[in-house]
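Thank you all for making the time; I would like to talk through some side-chain contacts and surface patches, and I will try to be careful about what can be said.

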Amino acid sequence: MKATGVVRRIDDLGRIVIPKEIRRTLRIKEGDPLEIFTDREGQVILKKYSPIGELSEFATEYADTLAKTTGHIACITDKDTVIAVSGGSKKEYLEQSISKDIEKIMDYKEVYESKENNNIALPITKNTEAKRNNSQVVYPIISDGDAIGTVILLSKDEKTKMSDVEKKVVQSAASFLGAQMDV
């Protein structure tokens, strides 16, 4: 565990302030849920809570189904990382931090689709570059009015275009995953 050299006192209501530098590094914003637990040595551990991460095993199966059905690369993200990928390089995507472009899609709860293969597909993670001429559809996963992740379908080659069928499949997957969180 990395020491920060910052000491905080607990106030009379049991609260503690998480230093701004740590919040910025971990991308923790006001209102973000944190999971609190202890380890065997008695350390208190705070972890950014990912509601969609609770469904990671299910999301992996869902991504597998999307990839097999469509023949494209399927990714499912939470608000910070790619939690499931199928049909493409797991090393390139899985557990990688999402790109600023994907964050914006969630922030604005908008749908993105590259047009007619003449747009550059958005980078999925911070470590990958946009792939020229690959067709792509990105839908936010909405639960209780908040974007909690995305479902992404990315063509494997530059000649393939996404049709209305792929768009509806991704929309259905995002709606279904969002509904699972509401249960």
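With which residue does D164 form a salt bridge, and how far apart are the closest N and O atoms? The partner is K167, and the closest N and O atoms of that pair are 3.6 Å apart; I should say straight away that this is a predicted model, so please take each distance I quote as computed from it. Both D164 and K167 lie in helix 5, 3 residues apart, which is about one turn of the helix. The two ends of this pair sit in contrasting surroundings, since D164 counts as exposed at 56% relative accessibility, whereas K167 counts as buried at 18%, the cut-off for buried being under 20%.

K167 also forms a salt bridge with E113, and here the closest N and O atoms are 2.8 Å apart. This pair links distant parts of the chain, with E113 in strand 5 and K167 in helix 5 (residues 164-182), 54 residues apart. E113, for its part, counts as partly exposed, at 22% relative accessibility.

Let me move on to another of the salt bridges, of which the count comes to 5. K48 pairs with D80, the closest N and O atoms being 3.2 Å apart. Because K48 lies in strand 2 and D80 in the loop between strand 3 (73-77) and strand 4 (82-86), the pair ties together parts that are 32 residues apart in sequence. K48 is partly exposed, with a relative accessible area of 23%, while D80 is buried at 19%, and both belong to a network of salt bridges that also includes D32.

Next, the loop between strand 5 and strand 6, where S114 is found. S114 is buried, with a relative accessible area of 6%, and a polar atom of its side chain lies 2.7 Å from the backbone nitrogen of Q136. K126 has its place in that loop too, between strand 5 (112-113) and strand 6 (136-143), but K126 counts as partly exposed, at 45% relative accessibility.

That brings me to the surface, where K126 gathers with K29, K79, K100 and K104 in a patch of positive charge. There is a nonpolar patch as well, formed by I36, V44 and L46, which together have about 310 Å² of accessible area. Of these residues, V44 is found in strand 2 (residues 44-48) and is exposed, with a relative accessible area of 58%.

Technical notes:
Residues are numbered from 1 along each chain as its sequence is written. This is a predicted model: local features need pLDDT of at least 70, side-chain atom pairs count only at pLDDT 80 or more; totals for chains, interfaces and linings use all residues. Side-chain values use heavy atoms; hydrogens and water are left out. Patches are made of residues with over 30% relative accessible area and no salt bridge: like charges are joined within 9 Å, nonpolar side chains (Val, Leu, Ile, Met, Phe, Trp, Tyr) within 5 Å. Accessible areas come from the Shrake-Rupley method with a 1.4 Å probe; for residues, only the protein chains shown count as cover. A salt bridge is a side-chain nitrogen of Lys or Arg within 4 Å of a carboxyl oxygen of Asp or Glu. Lys and Arg count as positive and Asp and Glu as negative; His and the chain ends are not counted. The place of a charge is taken as NZ of Lys, CZ of Arg, CG of Asp or CD of Glu. Helices (H or I, at least four residues) and strands (E, at least two) are DSSP runs, numbered from the N terminus. Buried means under 20% relative accessible area, exposed over 50%, partly exposed in between (1.4 Å probe, protein chains only). A polar contact is a pair of N or O atoms within 3.5 Å; within protein, one must be able to donate a hydrogen and the other to accept it, and residues adjacent in sequence count only if both atoms are side-chain atoms.
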